[in-house]
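Colleague: I would like a close look at a single part of this model, followed by a description of what surrounds it. Please keep to what can be read from the coordinates.

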Amino acid sequence: MAKTSDKKSPLQHHFVHLNQQYDASQMGMWAFLITEILFFGALFTAYIVYRLMYPAAFGAASSHLDITLGAFNTAVLIASSLTMALAVHAGHTGSTRGIIKNLIWTIVLGSVFLGVKAIEYSHKFHEHLVPGPSFSFPLYPGAGSELFFSLYFAMTGLHAFHMVIGIIGLFILIGMAAKGRFNQEYSTPVEMMGLYWHFVDIVWIFLFPLLYLVLRHH
Amino acid sequence: MNSSGKKTNYLNASHTLSSWFLTVDHKRIAILYLITISIFFFIGGLFAALIRLELLTPAGDLFKSDEYNKLFTLHGIVMIFFFLIPSVPAVLGNFLIPIMIGAKDLAFPRINLLSWYIYVIGATLATLAIMVGGVDTGWTFYTPYSTVYSNGAVALTIVGAFITGFSSILTGLNFLVTIHKMRAPGMTWFRLPLFVWAHYATSLIMVLATPVLASALFLLFLERVFHIGIFNPALGGDPVLFQHLFWFYSHPAVYIMILPSMGVMSELFAAFSRKRIFGYEFVACSSLAIAILGFFVWGHHMFVSGQSMYAGMVFSVLSFLVAIPSAVKAFNWSATLYKGSISYETPMLYAFGFIGLFTIGGLTGLFLSTMAVDVHVHDTYFVVAHFHYIMVGGVLMGYLGGLHYWWPKITGRLYPEAWAKLSALLVFVGFNLTFFPQFLLGYMGMPRRYHMYPEEFQVLNVCSSLGASVLGIGYFLPLVYFLWSLKFGKESPANPWGAKGLEWEIQSPPTTHNFDEIPVVTEEAYAYAKEDGKHHG
């Protein structure tokens with residue numbers, strides 16, 4: 001039975017013990033990530049359909065993305081996954097200092113990613129590559145190139161939105177850590193955030209080749 | 001006991017406004033849902049009434065055609081997204097699942113409250129869209145009409161539906177985790193009430209299908225608001241892709257609506273036959289089978305949309321397969337009656353009504369999944385009649401049957417049985433009178449979504465409108481006597497039906513934490529002793 005919990009205990013009233021609460025959080029997070037896979041999945045489906053319809057247009061449009069910035073961002077994001085994993089590890093060893101330090105690094109790297117993304121977006125804006133009435137892509141005037149850029153903005157935009165949510169979450173975790181809420185027995189929120197962050201990274205691992213590397217092997 | 005001598009329960013535990021609007025008690029959240037979805041049910045019903053009023057006469061004399069387009073669109077959107085999808089799960093599921101599995105609450109009580117707020121925000125935006133001009137795309141939002149040509153408040157409506165989707169996702173997620181992780185000691189998977197199994201299957205669909213709708217609506221929003229080409233054929237896009245994404249959610253969504261009602265049915269047939277449900281394992285697994293098969297039949301909505309003929313054939317065969325688990329349920333419920341000691345209280349009347357209506361709806365579904373027949377009756381009133389038999393006949397019979405069955409548990413009061421029986425009868429008769437003529441109309445070729453029709457269709461349309469009036473009274477009565485019973489109804493004992501299940505072992509209404517001690521379960525869900533029936537009068 002749950003004790004009438006003193007303020008310090010992280011055990012909520014409706015759970016019998018901490019293990020049950022931990023299991024529930026973990027399953028809930030994984031289930032949530034599965035919904036996220038399906039959320040992105042519809043966009044990937046659209047990508048597959050249109051790439052099969054317009055292979056040449058997708059190749060031409062893809063070659064116009066900035067591969068250097070894209071590759072740099074990929075490296076940044078992988079590095080942020082490392083610092084996130086270190087934060088989770090620090091949680092398991094009960095090091096509040098370690099949690100905070102690594103979460104700050106994760107925020108810094110995530111922000112670098114978003115900054116680079118903003119630079120890329122502004123380039124596209126100046127080059128009239130944002131879909132809509134002012135879109136023009138003289139290199140490949142046929143149908144399909146605008147669809148590529150529509151999907152580029154929809155997919156990377158949705159991904160960036162998830163990064164922003166993640167960074168907000170990281171700030172909240174730092175606040176919780178600073179209040180001494182985590183210890184060796186309990187650092188579940190850090191771990192759950194870690195799952196989310198890695199998921200968002202993995203989405204990018206798929207987006208990068210699909211969007212940037214369509215025709216690069218030639 | 002508190003000072004006034006009355007038992008403390010979740011309703012009278014505290015009375016402040018914030019104790020309701022900030023509650024994390026699954027039972028209070030269920031009540032919040034009950035109130036809000038009832039409001040939307042009557043809004044959606046009002047649109048239906050106006051539609052039936054217009055269709056009394058062949059001429060389009062009450063509304064102009066674009067007003068009529070808005071009417072049927074709003075009727076569909078309000079009823080589906082804001083009433084049918086949340087109905088049984090968010091009210092009865094929310095209230096009962098933790099109790100039925102012997103838990104004090106859902107796994108994530110705060111997320112449960114959050115999903116109600118998300119629902120309210122989404123529903124408010126959609127209501128706002130109605131007030132600033134409505135939307136005329138049909139509830140299906142087909143492109144390119146919805147993104148390029150429609151003048152309605154499409155974007156706002158889409159945002160409303162998109163947001164409400166997350167309420168459904170979070171509810172499903174909460175149920176899944178709760179059923180996996182919160183079961184009391186001894187509550188094994190095959191001791192779970194079938195109501196819980198049905199909600200487990202429903203939750204799988206909510207979690208796996210709803211995000212795809214969210215994504216499709218997200219893309220639709222981008223195209224509509226920012227003029228970004230995605231589905232627009234003028235920019236090389238494919239409108240059929242939108243239909244695929246839309247129906248990938250919206251067909252399984254039918255099972256989000258019907259499965260929970262089937263769960264209610266299993267409880268009702270066992271309780272009012274005083275008998276173990278026949279073929280428990282099969283009924284449990286048929287819910288999962290429906291959920292899984294339901295993901296692979298969406299193409300039957302697109303037989304005439306230019307989808308490949310071979311894809312159509314596959315979707316046709318897969319759609320037939322859904323009939324198998326559905327029939328497993330219907331036959332097992334019927335077999336449960338055999339040698340049971342049956343009593344005919346209101347919930348059981350709804351259960352019988354369900355079988356009748358669901359069978360007609362299900363069998364006509366087979367007509368429609370036959371491609372050649374579908375080409376003939378596509379977009380006619382035959383389709384309208386078919387899905388109303390499932391989504392209104394099926395879902396609403398389950399919802400109302402369940403509401404009557406658990407009303408004494410939820411409120412601690414008994415409703416007036418005679419009035420309730422009358423309303424069950426009115427609903428059944430009114431429903432058939434409304435929708436059976438529509439099968440005939442559709443078969444004779446009356447298309448859906450028009451406000452005018454040739455004179456020879458008038459008799460059947462008048463029947464349908466007449467039936468709708470009877471149905472309306474049938475739906476309005478429970479609202480009156482349920483509210484009446486809150487003040488004047490007799491107080492209910494813990495187990496007014498003599499039914500099995502953990503929810504009947506605790507007081508009515510339950511305390512805030514449901515159980516003082518987490519129960520230890522030692523028997524299966526429907527352990528009705530043989531002689532139990534004889535005691536029941």
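In which helix of chain A is A:Trp105 found? Please start there and then work outward to the rest of the structure.

Modeller: This is a predicted model, and what follows should be read as such. A:Trp105 sits in helix H4 of chain A. With a relative accessibility of 49%, A:Trp105 is classed as partly exposed, because that class runs from 20% to 50%.

A:Trp105 is one of the residues of a nonpolar surface patch of about 440 Å². The other members are A:Phe72, A:Ile104, A:Val108 and A:Val112. Helix H4, which covers residues 96–126 of chain A, gives the most to this patch, with four residues.

Helix H4 also holds a charged pair. A:Lys117 and A:Glu120 form a salt bridge through their side chains, at 3.2 Å from N to O. The two residues are about one helical turn apart, because they lie three positions from each other in helix H4 of chain A. Both A:Glu120 and A:Lys117 are buried. So the helix that carries A:Trp105, a partly exposed residue, also carries a salt bridge whose two partners are buried.

Now the chain around that helix. Chain A has six helices and zero strands, and its elements read α-α-α-α-α-α from the N terminus on. The C-alpha trace of chain A spans about 70 × 30 × 30 Å along its principal axes. Of the 218 residues in chain A, 50% are buried. The accessible surface of the chain comes to about 10,200 Å², and carbon and sulfur atoms account for 70% of that area. Among contacts in chain A with a separation of 6 or more, 79% are between residues 24 or more positions apart.

Chain A is in contact with chain B: 35 residues of chain A meet 41 residues of chain B. The size of an interface is often given as the accessible area lost when the parts come together. Here chains A and B bury about 3,100 Å² between them, with 75% of it on carbon and sulfur atoms. The rule finds zero salt bridges across the interface of chain A and chain B.

Salt bridges do occur elsewhere, with five over all chains of the structure. Besides the pair in helix H4, two in chain B can be described. B:Asp379 and B:Arg448 form one through their side chains, at 3.6 Å from N to O. This pair links distant parts of the chain, 69 residues apart: B:Asp379 is in the loop between helix H13 (371–377) and helix H14 (381–411), and B:Arg448 is in the loop between helix H15 (417–444) and H16. B:Asp379 is partly exposed at 36% relative accessibility, whereas B:Arg448 is buried, with a relative accessible area of 16%. The other pair is B:Lys64 and B:Glu67, whose closest N and O atoms are 3.8 Å apart. B:Lys64 is exposed at 55% relative accessibility, and B:Glu67 is partly exposed at 33%.

Helix H16 of chain B, residues 458–488, contains B:Ser464. This serine counts as buried, because its relative accessibility is 0% and the buried class lies under 20%. Leaving out residues up to four places away in sequence, B:Ser464 touches B:Arg52, B:Leu433, B:Thr434, B:Pro437 and B:Gln438. B:Cys463, in contrast, is partly exposed, at 26% relative accessibility.

A second cysteine, B:Cys285, is also partly exposed, at 36% relative accessibility. A disulfide is a covalent bond between the sulfur atoms of two cysteines. The structure holds zero of them over all chains.

One loop position in chain B remains. B:Gly186 lies between helix H7 (154–181) and helix H8 (194–226), and is partly exposed with a relative accessible area of 32%. Its C-alpha atom is 5.9 Å from that of B:Val520, although the two residues are 334 residues apart along the chain. Apart from neighbours within four places in sequence, B:Gly186 is in contact with B:Arg191 and B:Val521.

To return to the starting point: A:Trp105 is a partly exposed residue in helix H4 of chain A, and it belongs to the nonpolar surface patch to which that helix gives the most.

Technical notes. Residues numbered from 1 in each chain as written. Chains lettered and ligands numbered in written order. Predicted model: local features only at pLDDT ≥ 70, side-chain atom pairs only at ≥ 80, totals over all residues. Heavy atoms only, no water. Patch = residues over 30% accessible without salt bridge, like charges linked within 9 Å, V, L, I, M, F, W, Y side chains within 5 Å. Areas by Shrake-Rupley, 256 points an atom, 1.4 Å probe, with all protein chains shown as cover. Salt bridge = Lys/Arg side-chain N within 4 Å of Asp/Glu carboxyl O. Buried < 20%, exposed > 50% of the residue type's maximum accessible area, 1.4 Å probe, protein only. Disulfide = S-S within 2.5 Å. Contact = heavy atoms within 4.5 Å. Buried area = accessible area lost by both parts, 1.4 Å probe.
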